[in-house]
Every structure is written in C-alpha cells, then in structure tokens.
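Please walk me through this structure, starting with how its parts are arranged and ending with what they touch.

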Protein chains: 2
Amino acid sequence: MPLSPDFTDPRPGQVPLLLATAYRTMTDRFHARLAELGREPLRPAHGYTFRYVASNPDATTVDLAAHLGVTKQAASKAVTELADWGYVERRPHPTDKRAQVLALTRRGRDYLKLADRLWAEVEAGLAEVIGRERLAALDRDLRAYLDATHGDQAVPLRPVW
Amino acid sequence: MPLSPDFTDPRPGQVPLLLATAYRTMTDRFHARLAELGREPLRPAHGYTFRYVASNPDATTVDLAAHLGVTKQAASKAVTELADWGYVERRPHPTDKRAQVLALTRRGRDYLKLADRLWAEVEAGLAEVIGRERLAALDRDLRAYLDATHGDQAVPLRPVW
DNA sequence: CTCGAGTGGTCAACCAGATTGACTATATCG
DNA sequence: CGATATAGTCAATCTGGTTGACCACTCGAG
C-alpha cells in the first residue's frame, strides 16, 4: 500500500494533507537526529519558545503565550520547565514591576544553534528529492500564501488534532 | 511585523515551518467554512477516522488506532464518540468474534462528502495565490518526498506539539 | 492626584484526550 | 490440546492544557 490510503484516492483537495504529513516527516527526522546526537528531545512547542525568546529580547510570559496560542498559565508552565532544565531564565522587567523578561541562557542559545543546523539538514533532505530550485519555489509559494491569508497578522503555530 | 518573527530571519531550514503554518492556515479556513455552514466542528482526528473507515470496509478499532497513531483505547473512545453522534457504527466482524467492523452511517458519508468539497475549496484558495501549475508542482514534490522517506510505509498523521 | 478598569504572573482546581494496566473471550499455531 | 497472542472494554492515571481567582502593578480619564 503506497503511502497511506488517504493519498491513493485521486480526488482534489489533498495538498493540505500532504503539507501536514511532509511536515510531520521532517519533524520526525529532526527528532531522530537529536536522538542520534544524544540530545534531549524537546517538543516543538519548546522550539518555538526558544526562537521567540531569542528574537524578542523584551518578551514576557504573556507575549510568549500569545505567540504559542496558549494561555498565560500554560506559557508560564513551559517557561518554568525550560528554566528548570537550564535553557531559559526570567529577569526583572525594566519598566513593569509585574512582569519578567525571558532570556535564553548560554545553554539555551547553544541548543537553538544546534536546532537551526538540524532543521537546515532536514530541509536539505527535501532539496535532495525535489531539487534546490523547487525548494526555493516551494518557499516562495508558501510565503505568498501566508502573506495573502494573514498579511501582517501572526500565523498560528499550534497544531490542531 | 510581517508574518511571525520566525520568518523574517533569513536563515535556511524554514520550509518545514512554512509547511506547518500553511497547513494550519488551511485547517483554520476549512473549520471556518464548516462553521459558516452551521456544521459541527469535528476535529482533524475525526476527519482522518472518517476517511480511513470509508476507505477500509473491514477496518477494526485496532486498525484505526494504528492508522491514527494512538492506542486502541483512544481509538475506541473516538469511535464511541462518533457513534454517539451518529456518524459511525460498529458491526459484527465476519470472521473474528472478538472484533467489530467499523462503518460510516449515511450521516457520516454525507459529512465526508462535504469535507471533501470544503478541502477542495481550501486548496483552490491556495491555487488562487500561486496558480494551478505551481499547486500541481507542490503536490508532486511533496508526494515525491513522502515516497522517498516512507516508500510503502504508512505516514504518521498525528501532529506533535 | 484619584480611582476605576485593565493587566502580569502565580496558585489552585478542573478538564480533555491520551496512556498504562488489567481482564475476558477469542484466535492461532506447533 | 495448550501456550501464547489478540480485540475490545473498563478503570486508573497522566500530561498538557484551560478556567477561575487573587494580588500587585499600570494606565488614563476626570
């Protein structure tokens, strides 16, 4: 049975599912590489947290929550977890006594660098199959779609199941 | 801030995330259409269940569980839920007294037809942005990738977060 | 300056969708 | 035939969330 039976039925409307399964495949390959390197298999939500904190030096827990599409309580829990593991730390907010600013530790920054490398590897795996030109076209097309559908608005990250 | 900050950093390895967010966007549009039509917003897992049962006339709960990537208990729960809602029914298995065969009800088949239509609509929305040729190319590329990475093996459907 | 409305983060209770464990009836195969 | 494996169900537990509440703090209109 090639692929899953979902794909053998030649009906329109299958590209969404192809996007999902291709992404899932890439995620699995990413995690497989992490495991090979003996690194902790942090979840995608952690990865998003890392990258958000790295890109937003003044990010607070509530900012992170909005970014992840979860409640502030869930975000706070994730931050506590990552702080316990030594990847993230909380610092006093420069102007707001209620808030705390999130920052990656050295350990967190190193992990993010590694993740970047591995994602590029995984993407190169796709390029090996379809070619670099097609990869670039894919990149452009998907960006165009997201721009058309969201414009300046944030794109939800959290999957639904 | 165009898109999310994840995309403005010009580093390699972003196509996986583009796949994920494009799929998430399409899922949201699909669910928005369902809501517009006043239909129950069944979860993606339900959709996968419908399609699997429709494509596999002798499917049992354990088969479904393997397909969804969950335990037999979780699959049984989902089936019970869909049966309670009138979309699925359990029938005696022709040869195995322990097992039950799953089948879509008329109501379930109608829902699946509607879902097919709406997914085609959502996909057409992507085609509007990138053109039908590029959509076909995307389709071919992703299939090639899944074939290269999985061959005849089933592709996992359940997202990780 | 005051004060009402709103907000950041934490604690606690609760929830939904899963997993693990167990069990009984049934199936398989040497 | 009997040992092992399996389908489906029930129950307990887990995990990653949400909701509700609360207190200290912020903001802006009057």
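**Two copies and two DNA strands**

In this predicted model, a turn of 180° and a shift of 0.0 Å along the axis lay chain A on chain B with an RMSD of 0.0 Å. The two copies are therefore related as by a two-fold rotation axis. Within chain A, Leu19(A) has the C-alpha nearest that axis, at 2.7 Å. Both copies use the same surface, and 99% of the contact residues of chain A recur in chain B.

Leu19 also appears in the protein interior. The largest nonpolar core has 87 residues, and Leu19(A) and Leu19(B) touch the most other members. Leaving aside residues up to four places away in sequence, Leu19(B) touches Leu19(A), Ala22(A), Tyr23(A), Met26(A) and Leu142(A), as well as Leu142(B).

Next come the DNA strands, beginning with strand C. Around DNA strand C there are 22 residues, of which Ser76(A), Arg98(A), Gln100(A), Trp161(A) and Gln73(B) come nearest. The surface near this strand is made up of 9 charged, 8 polar and 5 nonpolar residues. Which part of DNA strand C lies within 4 Å of the protein, sugar and phosphate or bases? Sugar or phosphate holds 59% of those atoms, and the bases hold the rest.

Individual polar contacts involve both parts of the strand. On the base side, a polar side-chain atom of Gln73(B) is 2.4 Å from a base oxygen of DNA strand C, and one of Arg98(B) is 3.2 Å from a base oxygen of that strand. On the phosphate side, an N or O atom in the side chain of Arg158(B) lies 3.1 Å from a phosphate oxygen of DNA strand C. Two or more residues of the surface near DNA strand C come from each of helix H4 (61-68) and helix H5 (72-84) of chain A, and from helix H5 (72-84) of chain B.

DNA strand D can be read in the same order. It is surrounded by 22 residues, and the closest are Gln73(A), Ser76(B), Arg98(B), Gln100(B) and Trp161(B). Of the atoms of DNA strand D that come within 4 Å of the protein, 60% belong to sugar and phosphate. The nearby surface has 5 nonpolar, 8 polar and 9 charged residues.

Here the side chain of Gln73(A) places an N or O atom 2.4 Å from a base oxygen of DNA strand D. Phosphate oxygens of the strand are approached by a side-chain N or O atom of Thr71(A), at 2.7 Å, and by a backbone N or O atom of Lys97(A), at 2.9 Å. At least two residues of the surface near DNA strand D are supplied by each of H5 of chain A, helix H4 (61-68) of chain B and H5 of chain B.

Methods. Residues are numbered from 1 along each chain as its sequence is written. Chains are lettered from A and ligands numbered from 1 in the order in which they are written. This is a predicted model: local features need pLDDT of at least 70, side-chain atom pairs count only at pLDDT 80 or more; totals for chains, interfaces and linings use all residues. Side-chain values use heavy atoms; hydrogens and water are left out. A nonpolar core is a set of buried Ala, Val, Leu, Ile, Met, Phe, Trp, Tyr and Cys residues joined through side-chain atoms within 4.5 Å. Buried means under 20% relative accessible area, exposed over 50%, partly exposed in between (1.4 Å probe, protein chains only). Contact means heavy atoms within 4.5 Å. A residue is near a molecule or strand if one of its heavy atoms lies within 4 Å of it. A polar contact is a pair of N or O atoms within 3.5 Å; within protein, one must be able to donate a hydrogen and the other to accept it, and residues adjacent in sequence count only if both atoms are side-chain atoms. Helices (H or I, at least four residues) and strands (E, at least two) are DSSP runs, numbered from the N terminus. Ala, Val, Leu, Ile, Met, Phe, Trp, Tyr, Cys and Pro count as nonpolar, Asp, Glu, Lys and Arg as charged, and the others, Gly among them, as polar. Copies are superposed by least squares on the C-alpha atoms of residues with pLDDT of at least 70 in both.
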